[in-house]
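Hi,

Here is the structure I promised to pass on, with my notes on it underneath. Have a look at it first, then read on.

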Amino acid sequence: MQTPEQVAAAFDLLADQHDAMRWDLALSEFDASVLASLEGIATANVASSALFLAGGSGREALSFVMHGWKCDLVELSRRMLELAECRLHKFDLRIVESEAARYLADTTEKYDFISMVGELVGYVQEPRSILRAAALRLRPDGLIAVTWVDSSSLAATRQTEEQGVVALVERDDLEIRAWTCETMQKYVDAARLTVVLRSGRMAESPRRFWILRKEM
Ligand SMILES: C[S@@+](CC[C@H](N)C(=O)[O-])C[C@H]1O[C@@H](n2cnc3c(N)ncnc32)[C@H](O)[C@@H]1O
């Protein structure tokens, strides 16, 4: 598994292409449905505080900043952070250069919404821990939006030590982990969260989108 520094270096190289894909080009059906759900959360709830972990160039924060939420975006890649600044400088967005698990360990902030869109859980060493750490920073009744890769329809490139988790090589310099719905459900249970929406059964993508709630 790669280090956070290796992930940052890989995304520094991918950032401009990724930014164009998120902001300028037609979105895939999966990405469009995720952004529509996030917009629903941003508009249906009273504006409060939101955290975008591994927020990239900020696309999923857009509807929240536009609706007056107080937003923090945490990201490893410097180039992604520059692009986020370019895209969202007019809005109330705090941009933080940090590894996501480090940020969650250090911050004392509490949030009403946390985004882990963009498969953050697949890039970190400890997906279960980062989900649990995010749940601890959530206010009661708060929501987490998470996207992840479902391994059940994919050929594994390497089986990892943990049963049910496989590593897929995205590019030579980037590896992402995938697992089944059963494994994801175990991570969610361990974080004491409840799944309120499961989506992403489209044939085009092995990615899944779940919304999780922290019970009162
Ligand atoms: C596929 S991109 C998604 C970016 C953004 N969330 C979006 O959907 O447009 C994944 C992002 O996760 C960031 N990332 C991966 N691991 C991270 C970590 N441990 N801490 C912070 N950012 C991380 C990468 O730098 C990259 O920008």
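Before the strands, one bit of vocabulary: two strands count as paired if DSSP finds at least two bridges between them. Bear in mind too that this is a predicted model.

With that in hand, take strand S2 (residues 70-75) and strand S3 (residues 93-97): they pair in the parallel sense, over 5 bridges. To get from S2 to S3 the chain goes through helix H4 (residues 78-88), and this β-α-β crossover is right-handed. If you want a spot to zoom in on, Cys71 stands opposite Leu93 in S3.

Now the ligand, which is probably your main interest. Which residues come nearest to the ligand? Of the 20 around it, they are Arg22, Ala54, Glu60, Glu75 and Glu99. Three of these have polar contacts that I can give you distances for:

- Arg22: an N or O atom in its side chain is 2.7 Å from an oxygen atom of the ligand.
- Ala54: here a backbone N or O atom lies 2.8 Å from a nitrogen atom of the ligand.
- Glu60: a polar side-chain atom lies 2.5 Å from a nitrogen atom of the ligand.

How much of the ligand's accessible area does the protein cover? On its own the ligand has 590 Å², and the protein covers 96% of that.

As for what the shell around the ligand is made of, it has 10 nonpolar, 6 polar and 4 charged residues. Helix H1 (4-23) and helix H6 (120-123) each supply at least two residues of the shell. H1 gives the most, with 4 residues.

Last, the salt bridges. In general, side chains of opposite charge can pair when their charged atoms come close. With the cut-off at 4 Å between a side-chain nitrogen of Lys or Arg and a carboxyl oxygen of Asp or Glu, the count comes to 15 salt bridges. One of them joins the side chains of Arg207 and Asp31, at 3.1 Å from N to O. This pair links distant parts of the chain, 176 residues apart: Arg207 sits in strand S10 (residues 207-214) and Asp31 in helix H2 (residues 29-44).

Over to you!

Cheers

Terms used
Residues numbered from 1 in each chain as written. Predicted model: local features only at pLDDT ≥ 70, side-chain atom pairs only at ≥ 80, totals over all residues. Heavy atoms only, no water. Right-handed = clockwise from strand over helix to strand, strands pointing away. Near = heavy atom within 4 Å. Polar contact = N/O pair within 3.5 Å; in protein donor to acceptor, adjacent residues only side chain to side chain. Areas by Shrake-Rupley, 256 points an atom, 1.4 Å probe, with all protein chains shown as cover. Nonpolar A, V, L, I, M, F, W, Y, C, P; charged D, E, K, R; others polar.
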